[in-house]
Amino acid sequence: MALDPSFIGRSYPPTEPYEVGREKIREFATAIGDANPAYTDAEAAKALGHPDVIAPPTFPFVITYRAAGQVVEDPELGLDFSRVVHGDQKFSYTRPVRAGDRLSVAVTIDNIKSLAGNDVLTVRGEVTDGTGEHVVTSVMTLVARAADEAGE
């Protein structure tokens, strides 16, 4: 069943703050295989003009995906998560994510469309710091695959 396009523009409350830790940044950088010293060494980050280690550009996925759970779990939307695949992800930065940041995410459904029987849902996450300043915008595309002929 196709998702209702009247949900376009629906926003969800901001998440509780997520405190970005140095170790989480280091673990993430290691997991993605990025040896940039600005992600693991505070002195290297400071030499580049940052107050502490910074996170790799895809790090906000950790918190924006969790925030998008509000959309996925919205019973009124009726998204069948068992059929969902992650289609695309983009980030637009105002500044890097830094250790010590307390980040919240407010998500909005930007688009819903149907392509070849699949529902394509675009979810935007606006990430702000503890002062309310914008840090990064995440745009995530989720594809809910159409049921096959047998209804599976």
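## Pairing in the sheet

Two strands count as paired when DSSP finds at least two bridges between them. In this predicted model, strand β3 (residues 102-115) and strand β4 (residues 118-128) pass that test with 11 bridges, and their pairing is antiparallel. A hairpin connects β3 and β4 with two residues in between, and A116 in that turn has a positive phi of about 50°.

On we go to the next pair. Strand β5 (residues 134-144) runs antiparallel to β4, and 10 bridges join β4 and β5. This is a hairpin too, with five residues between β4 and β5; here G132 in the turn shows a positive phi of about 90°.

A few partners help you find your way across these strands. G125 in β4 stands opposite V107, and in β5 the bridge partner of G125 is S138. V123, for its part, stands opposite M140 in β5.

Where do β1 and β2 fit in the order of the sheet? The open sheet has five strands in the order β1-β3-β4-β5-β2, with antiparallel pairing. β1 and β2 (84-93) are the edge strands, each pairing on one side only.

## The helix across the sheet

Helix α3 lies across β1, β2, β3, β4 and β5, running at about 55° to β3. T64 is a good residue to look at here, as T64 is found in helix α3. Is T64 buried or exposed? The relative accessibility of T64 is 2%, so T64 counts as buried.

The side chain of T64 makes a polar contact of 3.5 Å with the side chain of S138. S138 is also the β5 bridge partner of G125. Leaving aside neighbours within four places in sequence, T64 is in contact with Q89, F91, V105, V127, S138 and M140.

## The nonpolar core

In soluble globular proteins, nonpolar side chains tend to be buried together. Here the largest nonpolar core has 39 residues, and those with the most contacts inside it are I25, F59, V71, L77, L79, I109 and L121. The elements giving two or more residues to this core are α1 (22-32), α2 (42-47), α3 (61-72), β3, β4 and β5.

Which residues does V71 touch, beyond those up to four places away in sequence? They are Y12, L77, V107, I109, L121 and V123. Among them are L77, I109 and L121, which are also listed with the most contacts inside the core.

T108 sits in strand β3. With a relative accessibility of 11%, under the 20% cut-off, T108 counts as buried. Not counting residues up to four places away in sequence, T108 touches G9, R10, S11, T122, V123 and R124.

## Salt bridges

Side chains of opposite charge can pair when their charged atoms come close. Searching the whole structure turns up 12 salt bridges. One of the bridges joins E76 to R10, with the closest N and O atoms 3.1 Å apart. E76 is in the loop between α3 and β2 and R10 in the segment before β1, so this pair links distant parts of the chain, 66 residues apart. E76 counts as exposed, at 55% relative accessibility, while R10 counts as partly exposed at 29%.The side chains of D110 and R124 also meet in a salt bridge, at 2.9 Å from N to O. D110 lies in strand β3 and R124 in strand β4, so this pair ties together parts that are 14 residues apart in sequence. D110 counts as partly exposed at 30% relative accessibility, and R124 counts as partly exposed at 24%. Salt bridges that share partners join R10, D74 and E76 into one network.

K46 and E43 give us a pair within a helix: their side chains meet in a salt bridge of 3.9 Å, N to O. Because K46 and E43 are three residues apart in helix α2, they are separated by about one helical turn. K46 counts as partly exposed at 42% relative accessibility, whereas E43 is exposed with a relative accessible area of 53%.

## The start of the chain

A2 lies in the segment before β1 (18-19). At 54% relative accessibility, A2 counts as exposed. How many residues separate A2 and G117 in sequence? They are 115 residues apart along the chain, and their C-alpha atoms are 7.8 Å apart in space.

Terms used: Residues numbered from 1 in each chain as written. Predicted model: local features only at pLDDT ≥ 70, side-chain atom pairs only at ≥ 80, totals over all residues. Heavy atoms only, no water. Helix = DSSP H or I, 4+ residues; strand = E, 2+ residues; numbered from the N terminus. Buried < 20%, exposed > 50% of the residue type's maximum accessible area, 1.4 Å probe, protein only. Contact = heavy atoms within 4.5 Å. Core = buried A, V, L, I, M, F, W, Y, C linked by side-chain atoms within 4.5 Å. Polar contact = N/O pair within 3.5 Å; in protein donor to acceptor, adjacent residues only side chain to side chain. Axes fitted to C-alpha atoms, helices over the stretch in contact; angles between N-to-C directions. Salt bridge = Lys/Arg side-chain N within 4 Å of Asp/Glu carboxyl O.
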